[in-house]
Amino acid sequence: MTDPIDYARYDRIRPIRWTGDALELLDQRRLPFEVEYLRCTSSDAVAEAIRTLAVRGAPAIGIAAAWGVVLAARDCDAAGASEASPRLEPALQRLNAARPTAVNLAWALARMRAALVRASAGEGMDWRAALEAEARAIETEDLAANRAMGVLGASLIAPGSGVLTHCNTGSLATAGFGTALGVIRAGVASGDIARVYAGETRPWQQGARLTAWELMQDGIAATLIADSAAAHLMKTGVVQWVVVGADRICANGDTANKIGTYQLAISARHHGAKFMVVAPSSTVDMDTASGESIEIEERDPAELFAIGGTRTVAEGVAAWNPVFDVTPHGLIDAIVTEKGIVEHPQTASMQAMFGR
Ligand SMILES: CSC[C@@H](O)[C@@H](O)C(=O)COP(=O)(O)O
């Protein structure tokens with residue numbers, strides 16, 4: 001398969017920077033009007049950045065947590081890896097507890113634990129260097145996965161198609177290039193995608209504040225819609241694919257993603273549009289049988305009470321703020337990972353691709 005993409009174009013946005021002694025995170029709470037990096041020098045500062053959405057998006061929080069372990073290692077007084085392991089565990093637990101839904105967080109921490117185990121087996125190995133190498137590998141592999149998925153996902157999209165995406169799945173949410181947004185970038189580069197629509201993604205506005213900004217940087221023409229305009233848009237026939245990311249994909253293909261994804265899948269099916277989930281295999285959780293068992297994060301209802309810091313809701317109003325939902329596998333036409341495409345996912349086809 002030829003790869004027509006000039007990736008350097010998309011390297012301008014770097015959400016995560018390791019400086020050698022600190023982790024710098026492009027503070028997504030301040031975008032699009034302020035491009036400021038938050039400097040974290042401890043694992044607890046990284047956990048707090050994840051909890052407060054300074055860094056967000058499933059792959060990005062996994063990568064940030066891995067670098068958080070590197071910072072914890074610097075503060076850990078231990079002669080070797082086996083001594084360090086129990087001492088680092090509380091910091092790993094605090095990183096893991098920062099957000100519950102995206103499996104990439106636990107996945108990245110499991111990789112860091114495994115790197116420590118390998119270092120303890122290797123005579124005289126510098127365990128801190130081993131952790132740093134693992135964090136770097138997690139980041140590098142994510143970028144490579146995104147580029148592979150971009151080309152794979154775009155191959156499903158017929159020339160002249162319109163796509164609708166949700167939340168932010170671009171460079172900001174990953175090591176670079178993006179998952180669903182990577183497919184859109186690849187599909188625009190190949191000339192197959194003719195129209196791009198982005199939902200604003202209430203209440204945190206990842207679509208309006210982040211995706212629209214990323215696409216502007218790329219020079220990709222996109223149209224922002226209110227989330228509540230999606231069904232009406234699909235009815236007009238301009239959307240052939242809804243393309244979204246994922247926070248956790250279960251063994252049967254059920255997929256947790258940003259709140260509002262499920263209603264897009266229902267609407268796509270009703271209007272004859274296809275529905276594509278794009279995520280690295282680090283988002284696939286074959287240990288969770290179905291979406292019933294996914295913990296859905298609920299955030300402070302205050303996120304619903306204000307827009308841009310200005311209160312818009314009367315005092316005393318109650319609100320419910322789940323920030324993810326689960327799309328049942330029956331509504332998904334394709335799951336795209338760097339390992340390949342699973343069409344019409346169900347347990348058998350997921351097992352064939354991901355094992356177990
Ligand atoms: C490549 S990012 C995929 C998902 O993590 C994304 O769609 C999403 O739901 C992000 O939620 P967020 O709450 O902004 O971290």
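The largest nonpolar core of this chain has 108 residues, and those with the most contacts inside it are Leu25, Val46, Ala64, Ala65, Val69, Val242 and Val243. Helix H2 (residues 58–74) gives the most to this core, contributing 13 residues. Both domain 1 (7–146) and domain 2 (150–354) feed into the core, with at least three residues from each. Please keep in mind that this is a predicted model. The points below walk from the domains to the helix packing, and then to single residues worth a look.

**Two domains and their contact**

- The domain assignment splits the protein chain into domain 1 (7–146) and domain 2 (150–354).
- Measuring from C-alpha centre to C-alpha centre is a handy start here: domain 1 and domain 2 lie 25 Å apart.
- Where they meet, 31 residues come from domain 1 and 36 residues from domain 2.
- On the side of domain 1 that touches domain 2, H2, H4 and H5 each supply at least two residues.
- That side of domain 1 is made up of 18 nonpolar, six polar and seven charged residues.

**Helices H4 and H5**

- Helix H4 (residues 103–121) packs against helix H5 (residues 127–154) at an angle of about 145 degrees, and their axes are 9 Å apart.
- The crossing of H4 past H5 is right-handed.
- From H4, the contact uses Ala108, Arg111, Met112, Ala115, Leu116, Arg118 and Ala119.
- H5 answers with Trp127, Ala130, Leu131, Glu134 and Ile138.
- Sorted by class, the contact of H4 with H5 holds nine nonpolar and three charged residues, with no polar ones.

**Glu139, a buried charged residue in H5**

- Glu139 also belongs to helix H5, and Glu139 is buried, with 22 other C-beta atoms within 10 Å.
- Setting aside residues up to four places away in sequence, Glu139 touches Ile16, Ile63 and Ala175.
- Glu139 and Met350 are 211 residues apart along the chain, and their C-alpha atoms are separated by 25 Å.

**Around strand E7: Val242, Val244 and Ala273**

- Val242, one of the residues with the most contacts inside the largest nonpolar core, is in contact with Leu164, Leu264, Ala265, Ala268, Ala273 and Phe275, leaving aside its neighbours within four places in sequence.
- Val244 sits in strand E7 (residues 241–244).
- Val244 counts as buried because it has 29 C-beta neighbours inside 10 Å.
- Beyond four places in sequence, the contacts of Val244 are Thr165, His166, Thr169, Ala180, Asn257, Thr261 and Val277.
- For one of these partners, Ala180, the C-alpha to C-alpha distance from Val244 is 5.1 Å, although the two are 64 residues apart in sequence.
- Ala273 is found in the loop between helix H9 (261–271) and strand E10 (274–278), and Ala273 is buried, with 23 other C-beta atoms within 10 Å.
- Not counting residues up to four places away in sequence, Ala273 touches Met234, Val239, Gln240, Trp241, Val242 and Ala268.
- The C-alpha atoms of Ala273 and Gln240 are separated by 4.7 Å, with their positions 33 residues apart along the chain.

**Cis peptide bonds**

- Leu31 and Pro32 are joined by a cis peptide bond, with omega about 5 degrees.
- Pro32 belongs to the loop between strand E2 (23–26) and strand E3 (37–40).
- Arg202 and Pro203 are also joined by a cis peptide bond, here with omega about 0 degrees.
- The loop between strand E5 (193–199) and helix H7 (206–218) holds Pro203.

**Positive phi outside glycine**

- Cys167 has phi near 60 degrees, a positive value in a residue other than glycine.
- Cys167 is in the loop between strand E4 (161–165) and helix H6 (180–189), and Cys167 is buried, with 30 other C-beta atoms within 10 Å.
- Arg356 has phi near 75 degrees, again a positive value in a residue other than glycine.
- Arg356 comes in the segment after helix H10 (347–354), and Arg356 is exposed, with 8 other C-beta atoms within 10 Å.

Methods: Residues numbered from 1 in each chain as written. Predicted model: local features only at pLDDT ≥ 70, side-chain atom pairs only at ≥ 80, totals over all residues. Core = buried A, V, L, I, M, F, W, Y, C linked by C-beta atoms within 7 Å. Buried ≥ 20, exposed ≤ 12 C-beta atoms within 10 Å, placed from the backbone. Helix = DSSP H or I, 4+ residues; strand = E, 2+ residues; numbered from the N terminus. Domains from an automatic or database assignment. Contact = placed C-beta atoms within 7 Å. Axes fitted to C-alpha atoms, helices over the stretch in contact; angles between N-to-C directions. Left-handed = near helix turned anticlockwise from the far one by under 90°. Nonpolar A, V, L, I, M, F, W, Y, C, P; charged D, E, K, R; others polar.
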